[in-house]
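Student: Could you walk me through this one? I'd like to hear how each label gets earned.

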Amino acid sequence: MFLVTGATGQIGRRVVRLLRERDMPVRAFVRLNSRYGELEQRGAEVFIGDLREDKDIQKACQGVRYVISAHSSDGGSEEALHYRANVELIDQAKKNGVEHFVFISVLGAGRGYEDSATFKAKREVEKYLTSSDLNYTILRPAGLSSNLLPLAERFRDTGIYLIIGDSKNRTSIVSTDDLAQIAVDSTSVEGAKNQTLPVGGPHILKREDIPGIFSRIFNQDPIIINLPLLLFDGFRSGLGLVDSEAQRSFGTLRVLLANEFFCTSDEISRLESIYNLKMESLESFVQRYLAS
Ligand SMILES: NC(=O)c1ccc[n+]([C@@H]2O[C@H](COP(=O)([O-])OP(=O)(O)OC[C@H]3O[C@@H](n4cnc5c(N)ncnc54)[C@H](OP(=O)(O)O)[C@@H]3O)[C@@H](O)[C@H]2O)c1
């Protein structure tokens, strides 16, 4: 039995689909108010709970052989979901003799970004998992291609593309479908055992390259609006005067806007060789989902 957390999310729902296509038994951890109809139709066992509750995690882990942790936080306390829920999942995985634990971390988790509770939590969970005696795979993805689908739709309708911060910053947007496949295969591929792997797409893109890609797909001239990071910082400082918690919660976005998140070509070659796949480009992903 596979336990998948974040089973209704961008990565999690693709993981569940793939496992069901392979006829594997899946327990999908969802909240009562989540949109989980599709998972049920695909034959997943739906477990209703809340990852903030240890007792729900304890129940969900019973009889489980593999765990794929792919949940995120929904804007509340990032520590509770990104740190504490994962530590409880790891403890329960050990207790239940789980054979392999896959953790979706984030590219840059090891860089010590103090402004982001999420990055800090990811790093601490990575440390906890690697010293847990469980078999594990830690995946550190760059930005997901599925995040860009709403931006591509807006571009298709208006030609507008907004960049905040340095438009030359580099990124290796990863196909969310490839990442889901890598997460699933990590439980069986020997080369993935006890590895921490950066995961990115095949190309290193500057942020300003993305509207160029959309432009080719939709045959539409781009209108790029590039706002300086200072504007974002000014907004955040202003927010801090009235709501310090909200100001803090923008820390992860600040880190994402201000830094580069890309994989080297050697890292991508290694990934492709471990998992025996060819990573999909952003252009191909957006074409598959949006080009008619
Ligand atoms: N998005 C990216 O570009 C990116 C890049 C690198 C790494 N990652 C990491 O990848 C992981 C998955 O990201 P994603 O973008 O696929 O996530 P997502 O689409 O935002 O989905 C988040 C999932 O977590 C679930 N969740 C939130 N709070 C919960 C709670 N209290 N109890 C149970 N489930 C809860 C949500 O359930 P509901 O349906 O009920 O809301 C949803 O299924 C995250 O750990 C993220 O840090 C993401």
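## How the labels are earned

Tutor: Strands E2 and E3 (residues 45-48) run parallel and are joined by 4 bridges. Keep in mind that this is a predicted model: local features need pLDDT of at least 70, side-chain atom pairs count only at pLDDT 80 or more, and totals for chains, interfaces and linings use all residues. Residues are numbered from 1 along each chain as its sequence is written.

Student: What makes E2 and E3 a pair?

Tutor: Two strands pair if DSSP finds at least two bridges between them. E2 and E3 have 4, so they pass that cut-off. One example is phenylalanine 29, whose bridge partner in E3 is phenylalanine 47. The names themselves come from DSSP runs numbered from the N terminus: helices (H or I) take at least four residues and strands (E) at least two.

Student: How do you know that E1 (residues 2-5) pairs with E2?

Tutor: Set the count against that cut-off again: 3 bridges join E1 to E2, in the parallel sense, and the rule asks for at least two, so the pair stands. Valine 4 has alanine 28 as its bridge partner in E2. E1 also pairs with strand E4 (residues 66-69), parallel, over 4 bridges, and there the bridge partner of valine 4 is isoleucine 68. From E4 you can carry on to strand E5 (residues 100-104), again parallel and over 4 bridges, with isoleucine 68 opposite valine 102.

Student: Which hand does the β-α-β unit of E1, H1 and E2 have?

Tutor: Right-handed. That word applies if, with the strands pointing away from you, the path from the first strand over the helix to the second runs clockwise.

Student: Why is E2 (residues 26-30) called mostly covered?

Tutor: A residue is buried if 20 or more other C-beta atoms lie within 10 Å of its own, exposed if 12 or fewer, and partly exposed in between, with C-beta atoms placed from the backbone. In E2, 5 of its 5 residues are buried. Val26, Ala28 and Val30 sit on one side, Arg27 and Phe29 on the other, and both faces are covered. E4 is similar in having buried residues pointing both ways: Tyr66 and Ile68 one way, Val67 and Ser69 the other.

Student: And what makes E11 (residues 223-227) hardly covered?

Tutor: Among its 5 residues the count of buried ones is 0. E11 still pairs with strand E7 (residues 160-164), parallel, through 5 bridges, and isoleucine 164 stands opposite leucine 227.

Student: What counts as a nonpolar core, and how many residues does the largest one have?

Tutor: It's a set of buried Ala, Val, Leu, Ile, Met, Phe, Trp, Tyr and Cys residues joined through C-beta atoms within 7 Å. The largest one here has 75 residues, with Val4, Val15, Ala28 and Ala183 making the most contacts inside it. Helix H4 (residues 78-95) gives the largest share, 6 residues. In soluble globular proteins, nonpolar side chains tend to be buried together.

Student: What does valine 4 touch?

Tutor: Contact means that two C-beta atoms, placed from the backbone, lie within 7 Å. Leaving out residues up to four places away in sequence, valine 4 touches Gly12, Val15, Val16, Val26, Ala28, Phe29, Ile68 and Ala70.

Student: Why is glutamine 10 called partly exposed?

Tutor: It has 17 other C-beta atoms within 10 Å; that's under the 20 needed for buried and over the 12 allowed for exposed, so partly exposed is what remains. Glutamine 10 lies in helix H1, and it's one of the residues that come nearest to the ligand, alongside Gly6, Thr8, Gly9 and Ser34. The shell has 24 residues, where a residue is near a molecule or strand if its C-beta atom, placed from the backbone, lies within 6 Å of it.

Student: Is aspartate 23 buried or exposed, and what decides it?

Tutor: Exposed, because aspartate 23 has 7 C-beta neighbours inside 10 Å, and 12 or fewer is enough for that label. Aspartate 23 sits in the loop between H1 and E2, with a positive phi of about 65° although it isn't a glycine. Asparagine 276 also has a positive phi, near 50°; with 9 C-beta neighbours inside 10 Å, asparagine 276 counts as exposed.
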